[in-house]
Structure formats: C-alpha cells, structure tokens
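Dear colleague,

Please find the structure below, together with the sequence. The notes that follow it set out what was found, one region at a time.

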Amino acid sequence: MPWYSFDPIADTYDATRTLDVRAIDRALTALTREFPPHRFREVLDVGIGTGRLAFPFARHGYRVVGIDISTRMLERFRRRRARRDRRAVGALRADATRMPFRDGAFDMAYWVHVLHLVPQWRRALDEAVRVTRPGGVLVYARTEGGRDIDELAAEYLRILRSLGYRRPRLGARRQETVLRYLGSLGCEVERRRVRWEWEERVSVGEALHYHSLRTYSMNRFAPLEVHREAMRRLRTWAARELGPRNRRYPVMGAVAFDLAWIPR
Ligand SMILES: C[S@@+](CC[C@H](N)C(=O)[O-])C[C@H]1O[C@@H](n2cnc3c(N)ncnc32)[C@H](O)[C@@H]1O
C-alpha cells in the first residue's frame, strides 16, 4: 500500500474534513441554477471518498456515481449511504486514470482534493474529459477548512524538513496547472471568484490530536519514528506559540468551483 493511500485514515476522515451544510447548500443551489439536474442529471464524482460532496449533490437532484481507489473509504461511503438511503448515489472501486465508463456517459464530472494525490493526474483529466459528453461540464471543486490550524500544519512540515524529510510531489499541486491542461484539451475554462464561506473554531489540542493520528497526507510520508519525533517537537512549539490545548482558533472554511466546458 503506498504511503498516500487513504485506507489507514478512512475512519477519521469525516471528522476532520468538515463541510458546512448551509454553505454547501448555497453553493449547490447556485450550481443547479446554471446546470439544472434535468439537463445535467448524470454526474461523476472522481475520488468520491466517503461521499462528502456526493450526498449534497444528490440532495440537489443529481444522480451521482463515484469512483475511488481506496477500499476503506468506499466502506465508509457505503455505511453512510445505508444510514441515509440515498439511492441516487452509487460508487465503485476504480482508478481515476482508467475509468470503467463509456465515452460521454456523464453530463458533469467533478473532483475535490484528488488530483494532488494522483501521479498521472493528466491521464485522470483525459479520462474525465472522455467520459463527459460534448457540451457537458467539468467542475473543479475546492474546499477549505476542517479541524486543523494553518500555522500548526506549516510548523509540522518545517520540523520534518529540519529532520531531513520534504513532502514529495505526487500529482498536480496548482489549480492553474490543472486548468491550463484542461484548456490544452480544448475545454473552455472559467475561473470563478465566488466562494461560499463559513467560520469554525478549532482547539489546539484537537488539531494536535489529528496530526498525531497521521490524519493528513503530510503526516504519512515520513517513517513512523520520524513522525513521532516531529509530534514531540510540534507539541512543545504549540504550547509556546499557540497556548493551552483548549484555546480555540478561528478557521475559515470555504467551497468554490471552477468550470471547464467539454467542446461540442
Ligand atoms: C482527500 S480525499 C477526497 C475525498 C472526497 N473527494 C472529499 O472531498 O471528501 C482523496 C480521495 O481520492 C482517492 N484517490 C486517490 N487516488 C485515486 C485514484 N487514482 N483514483 C481514484 N481515487 C483516488 C483517495 O482514495 C481518497 O478517497
């Protein structure tokens, strides 16, 4: 299993990648105005994970099929679906770089926090373009926020660098790079400035706890003993710079979409 597999963190994933219900509802209400589900019914979620966005999409009238490479994330997805009985959402295990769908099978395809994890991210985009019909749309969704504090995450990475470990580059890092590639495939790309925001409050102890569990990919590329040493130093740093474990910090959450139209 590669270090960036989501299998080991499937159980903590939902607790740490929060999404404000009202913000996502407002964001999807705007999206449905532009892409009404009666014309854009069939939707693909690339890297669906536990279905964090797929269920809200289904609530807004889309029929969503997701793919994911992680068996454990898909197990969490299925448990969630059983609780909610959302028959308009399905998922299967597949690699984004080799999708098991016919050409033009979907009216819309979207992804959230996936391409930075896929070494062959261009092939994943080729596939997304192939399986979306002419005149359909690709949605590059981004979300921010969760149970982490930016300064703490930056310090963790700084400590790892001081211990001789740099975060490896896996897939596409920058949104501009992805959009430029989609443009080179003939898609009409549109960056959107609009964001739907919310504010959360995260305690120092909570943020440290999730880092110690190796919840984020940044916590997993170094060997376990290096991560433990980094955590020891991070706790000392946090006590000095961020204060007691129960002190809460505001964290901005947001959801935003960029678009790319498949040429007719
Ligand atoms: C950060 S999670 C995002 C999950 C979901 N999109 C969300 O926003 O909550 C990344 C997901 O992409 C999946 N993934 C990574 N590489 C993949 C690939 N080549 N094909 C399909 N899924 C992949 C992981 O297993 C994981 O579930």
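**Strands and crossovers**

Strand 1, helix 3 (residues 54-59) and strand 2 together form a β-α-β unit, and this unit is right-handed. Please bear in mind that the model is a predicted one.

Five bridges hold strand 1 (residues 42-46) and strand 2 (residues 63-68) together in the parallel sense. Within this pairing, L44 has V65 of strand 2 opposite to it. Strand 2 also pairs with strand 3 (residues 89-93), again in the parallel sense and over five bridges. Here G66 is the residue that stands opposite A91 in strand 3.

Further along the chain, strand 4 and strand 5 (residues 132-144) run parallel and are joined by six bridges. M108 stands opposite V137 of strand 5. To get from strand 4 to strand 5 the chain passes through helix 5, and this β-α-β crossover is right-handed.

Strand 5 is also joined to strand 8 (residues 248-261), but these two run antiparallel, with eight bridges between them. One residue to look up in this pairing is R142, whose bridge partner in strand 8 is A256.

**Helix 3 and its surroundings**

A54 is a useful residue to select in the viewer, as it lies in helix 3. Is A54 buried or exposed? The count of other C-beta atoms within 10 Å of A54 is 28, and a residue with 20 or more is classed as buried, so A54 is buried.

Leaving out residues up to four places away in sequence, A54 touches D45, I48, V64, G66 and V89. Of these contacts, G66 has already been mentioned as the residue opposite A91 in strand 3. A54 and Y110 are 56 residues apart in sequence, while their C-alpha atoms are 9.7 Å apart in space.

**The nonpolar cores**

As a general point, nonpolar side chains in soluble globular proteins tend to be buried together. In this model the largest nonpolar core has 56 residues, and the members that touch the most others are V46, A109 and L138. What does V46 contact, once its neighbours within four places in sequence are left aside? The contacts of V46 are I67, A96, A109, W111, V114, A124 and A128. There is also a second, separate core of 14 residues, including Y156, A207, A222 and A238.

**The ligand**

The model includes a ligand, which is surrounded by 20 residues. The closest of them are G47, G49, R52, S70 and A96. A96 is also one of the contacts of V46. Sorted by class, the shell around the ligand consists of 11 nonpolar, five polar and four charged residues.

**Two residues with positive phi**

Most residues other than glycine have a negative phi. Two residues in this model may be examined with that in mind.

H113 has a phi near 55°, which is positive although the residue is not glycine. H113 is placed in the loop between strand 4 (106-112) and helix 5 (121-131). H113 counts as partly exposed because it has 15 C-beta neighbours inside 10 Å.

R214, likewise not a glycine, has a positive phi near 60°. The loop between helix 8 (204-212) and helix 9 (224-241) contains R214. How many C-beta neighbours does R214 have inside 10 Å? There are 20, so R214 counts as buried.

**R191 and W196**

R191 sits in the loop between strand 6 (188-190) and strand 7 (195-203). R191 counts as partly exposed because it has 13 C-beta neighbours inside 10 Å. Beyond its neighbours within four places in sequence, R191 is in contact with L179 and D258. R191 and R83 are 108 residues apart in sequence, and their C-alpha atoms are 36 Å apart in space.

W196 belongs to strand 7. W196 counts as buried because it has 20 C-beta neighbours inside 10 Å. Not counting residues up to four places away in sequence, W196 touches A23, R26, A27, A254 and V255. Along the chain W196 and W261 are 65 residues apart, and 22 Å separates their C-alpha atoms.

Yours sincerely

How values were computed:
Residues are numbered from 1 along each chain as its sequence is written. This is a predicted model: local features need pLDDT of at least 70, side-chain atom pairs count only at pLDDT 80 or more; totals for chains, interfaces and linings use all residues. A residue is near a molecule or strand if its C-beta atom, placed from the backbone, lies within 6 Å of it. Ala, Val, Leu, Ile, Met, Phe, Trp, Tyr, Cys and Pro count as nonpolar, Asp, Glu, Lys and Arg as charged, and the others, Gly among them, as polar. Two strands pair if DSSP finds at least two bridges between them. Helices (H or I, at least four residues) and strands (E, at least two) are DSSP runs, numbered from the N terminus. A crossover is right-handed if, with the strands pointing away from the viewer, the path from the first strand over the helix to the second runs clockwise. A nonpolar core is a set of buried Ala, Val, Leu, Ile, Met, Phe, Trp, Tyr and Cys residues joined through C-beta atoms within 7 Å. A residue is buried if 20 or more other C-beta atoms lie within 10 Å of its own, exposed if 12 or fewer, and partly exposed in between; C-beta atoms are placed from the backbone. Two residues are in contact if their C-beta atoms, placed from the backbone, lie within 7 Å.
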